[in-house]
Amino acid sequence: MKKCKAVLMVVLISVFAATAADAPKLTFKFTTIEIKGAQDTRVFGTNNAGTMVGAYIDSGGVDHGFMLKGKKVTTLDDPKGTITNCAGINSAGDIVGYYINSSGAEQAFLHHGKTFTDIGPAGATSSEAFGINDKGSIAGYFVDAQGAQHGFVRKGMKYKQLDAPGATSTLAWGINNNGLVSVQWIDSSGRTNGAIYNGTKYTKIEVPGAVSCYPHGIDSAGDVVYSWTDSAGVFHGALRTGGKVYKFDDPKGTNGTYGDGINDHNLVVGVYHTSGGSVAEAFKATY
């Protein structure tokens with residue numbers, strides 16, 4: 001595992017408020033997260049202690065996974081991979097994500113203690129893991145031998161395949177401590193839709209006015225953070241809480257905002273783009 005001497009640079013940004021059409025104002029306070037020397041930085045997940053995980057690209061153009069705890073950055077590179085992305089973390093500090101293997105395929109992993117372990121349903125040709133709850137259940141997706149994409153939930157050592165009704169492909173991202181799973185799925189028209197899966201039923205959760213929506217992290221109360229696209233194809237963030245949806249954009253982003261992770265203490269994390277969309281910066285936002 002590589003180690004880097006990274007310094008966290010935190011810049012507090014001015015307050016940005018956004019509303020859904022029928023919702024009262026909700027105020028988001030944004031902070032930019034940067035790793036010194038990185039070309040770009042992405043944060044995908046956070047736990048209840050505020051520890052964050054994600055990936056950064058170093059000065060040589062190589063992707064590394066990382067964990068940010070307080071001001072300490074720890075680089076996490078799966079020794080079997082050429083590229084590592086960390087996507088989810090639970091209260092125990094267990095981390096899930098994926099790496100690119102020698103064949104160029106994505107391989108989901110679980111990082112526990114100092115050990116990386118490959119995970120994913122038997123027969124998968126590629127897989128990625130995005131969410132892990134405090135019980136150790138994991139959500140992600142895999143591609144089967146026929147090239148079809150399915151979501152999965154791993155409880156213990158058992159996998160359950162997820163296929164939303166009418167979907168041509170399904171991806172599971174977040175899983176909360178009650179076992180609710182945030183799911184994005186593509187229908188026959190090519191539109192990406194959002195749903196919550198409770199173990200037996202898929203319930204659609206849409207962002208008003210979105211062309212496509214991508215539910216990502218989900219907290220213990222069932223609140224969800226999204227990415228979504230408008231009619232121009234630009235990405236924005238959104239938060240579903242108390243049954244209402246609040247849209248947001250990081251004010252420093254000039255080419256899109258993505259909502260990715262959430263915890264139980266009114267914190268969301270994600271990514272915004274600058275410089276024509278080619279440079280990614282990470283943010284955290286309280287609300």
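Let's start with a single pairing: in β24, Thr257 finds its bridge partner in Tyr272. Keep in mind that this is a predicted model.

That bridge belongs to a wider match between β23 (residues 257-262) and β24 (residues 267-274), which run antiparallel to each other and share 5 bridges. The two strands make a hairpin, with 4 residues sitting between them. Look at the turn and you'll find Asn266, whose phi is positive at about 60 degrees. As for its surroundings, β23 has 5 of its 6 residues buried, so the strand is largely enclosed by the rest of the structure.

Carry on past β24 and you come to Gly276, in the loop that leads to β25 (279-286). Is Gly276 buried or exposed? Its relative accessible area is 64%, and the cut-off for exposed is over 50%, so Gly276 counts as exposed. Gly276 and Thr254 are 22 residues apart along the chain, yet their C-alpha atoms are 7.5 Å apart in space.

Thr241 is a handy contrast. It sits in strand β21 (residues 235-241) and is buried, at a relative accessible area of 18%. Leaving aside residues up to four places away in sequence, Thr241 touches Asp223 and Tyr246.

Here are the two residues with their accessibility side by side:

| Residue | Relative accessible area | State |
|---|---|---|
| Gly276 | 64% | exposed |
| Thr241 | 18% | buried |

Now for the packing. The largest nonpolar core is made of 13 residues, and the ones with the most contacts inside it are Phe28, Leu239, Phe248, Val268, Phe283 and Tyr287. Four elements give two or more residues each to this core: β2 (26-35), β22 (244-248), β24 and β25. Of these, β2 gives the largest share, with 3 residues.

How many cavities of 30 Å³ or more are there? The count is 1, and the largest cavity holds about 310 Å³ of space. It is lined by 29 residues, and those closest to its centre are Thr46, Ile89, Ile132, Ile218 and Ile262. The strands that each supply at least two lining residues are β3 (40-46), β7 (83-89), β11 (126-132), β15 (169-175), β19 (212-218) and β23. So what is the lining made of? By residue type it splits into 9 nonpolar, 16 polar and 4 charged.

That brings us back to the hairpin: β23 helps line the cavity, while β24, its antiparallel partner, contributes to the largest nonpolar core.

Methods
Residues numbered from 1 in each chain as written. Predicted model: local features only at pLDDT ≥ 70, side-chain atom pairs only at ≥ 80, totals over all residues. Heavy atoms only, no water. Buried < 20%, exposed > 50% of the residue type's maximum accessible area, 1.4 Å probe, protein only. Pairing = 2+ DSSP bridges. Contact = heavy atoms within 4.5 Å. Core = buried A, V, L, I, M, F, W, Y, C linked by side-chain atoms within 4.5 Å. 1 Å grid on protein atoms, 1.4 Å probe; cavity = no way out; pocket = protein on both sides within 12 Å on 5 of 7 lines; lining within 4 Å. Points joined across faces, edges and corners; volume = space filled by probe spheres on them. Nonpolar A, V, L, I, M, F, W, Y, C, P; charged D, E, K, R; others polar.
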